Amino acid sequence: MKITLIYSDNNFKEQVEKLAKQYNLSIDSFKDKSPKAYKIKAHYGTKLSPFCVIMQNELEVPFYSDNNDCTIENIKEIINRYA
């Protein structure tokens with residue numbers, strides 16, 4: 001299982017990194033406004049940060065800030081469900 005995170009707030013990034021460490025998951029994090037962050041956000045059709053995607057094999061679960069879905073609680077729930 002892998003987490004891809006686009007962030008603008010270092011506090012949120014640290015919380016997701018703690019969560020990834022707790023569950024022994026790999027994490028790719030990119031600062032908002034970087035070229036890689038633009039590519040990822042364009043692929044999933046979002047403009048707001050933070051944005052997170054959990055990937056496992058063919059399963060992809062995106063968390064959007066557009067609808068306040070990108071929270072630590074929601075990310076932890078999906079990790080518990082599929083890890």
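# Salt bridges, helix faces and nonpolar cores

With a relative accessibility of 32%, lysine 2 counts as partly exposed, because values between the buried limit of 20% and the exposed limit of 50% fall in that class. This residue belongs to a predicted model, whose mean pLDDT is 94, with 100% of the residues reaching 70 or more. Among the elements, E1 has the highest mean pLDDT, 96, and H3 the lowest, 93.

## Salt bridges

Side chains of opposite charge can pair when their charged atoms come close. The search of the whole structure finds 4 salt bridges, including those in the table.

| Salt bridge | Closest N to O distance |
|---|---|
| Lysine 2 – aspartate 28 | 3.0 Å |
| Aspartate 32 – lysine 41 | 2.7 Å |
| Arginine 81 – glutamate 77 | 2.7 Å |

The salt bridge of lysine 2 with aspartate 28 links distant parts of the chain: lysine 2 lies in strand E1 (residues 2-7) and aspartate 28 in strand E2 (residues 26-31), 26 residues apart. Aspartate 28 has a relative accessibility of 30% and therefore counts as partly exposed.

The pair formed by arginine 81 and glutamate 77 lies within a single element, helix H3 (residues 72-82), where a spacing of 4 residues separates the two by about one helical turn. Arginine 81 is partly exposed, at a relative accessible area of 49%, and glutamate 77 is partly exposed at 42%. In the remaining pair of the table, by contrast, aspartate 32 and lysine 41 are buried.

## Helices H1 and H3

Helix H1 comprises 13 residues, 10-22, and extends 18 Å from its first C-alpha to its last, close to the 18 Å expected at 1.5 Å a residue. Its buried residues are Phe12, Lys13, Val16, Leu19 and Ala20. Viewed down the axis of H1, these buried residues fall within an arc of 125°, so they line one face of the helix. The face turned away from the buried side carries Lys18, Lys21 and Gln22, which are exposed. The cover over the buried residues of H1 includes E1, E2 and H3. Just after H1, asparagine 24 adopts a positive phi of about 60°.

Helix H3 has Ile72, Ile75, Ile78 and Ile79 as buried residues. An arc of 135° about the axis of H3 contains them, so these residues also line one face of their helix. Among the elements covering the buried residues of H3 are E1, H1, E3 and E4.

## Nonpolar cores

In soluble globular proteins, nonpolar side chains tend to be buried together. In this model, the largest nonpolar core has 17 residues, and Ile3, Phe63 and Ile75 are those with the most contacts inside it. Two or more residues of this core come from each of E1, H1, strand E3 (51-56), strand E4 (59-63) and H3. Ile75, in turn, is one of the buried residues of H3.

Around phenylalanine 63, residues up to four places away in sequence being left aside, the contacts are Pro50, Phe51, Cys52, Ile54, Asp69, Cys70, Asn74, Ile75 and Ile78. Apart from the largest core lies another, of 6 residues, among them Ile6, Ala37, Tyr44 and Phe51. Phe51 is thus named in this other core, and Phe51 is also one of the residues that phenylalanine 63 touches.

Note on methods: Residues are numbered from 1 along each chain as its sequence is written. This is a predicted model: local features need pLDDT of at least 70, side-chain atom pairs count only at pLDDT 80 or more; totals for chains, interfaces and linings use all residues. Side-chain values use heavy atoms; hydrogens and water are left out. A salt bridge is a side-chain nitrogen of Lys or Arg within 4 Å of a carboxyl oxygen of Asp or Glu. Buried means under 20% relative accessible area, exposed over 50%, partly exposed in between (1.4 Å probe, protein chains only). The expected span of a helix is 1.5 Å times one less than its number of residues. The arc is that of the directions from the helix axis to the C-beta atoms. Contact means heavy atoms within 4.5 Å. A nonpolar core is a set of buried Ala, Val, Leu, Ile, Met, Phe, Trp, Tyr and Cys residues joined through side-chain atoms within 4.5 Å. pLDDT is the predictor's confidence in each residue, from 0 to 100.
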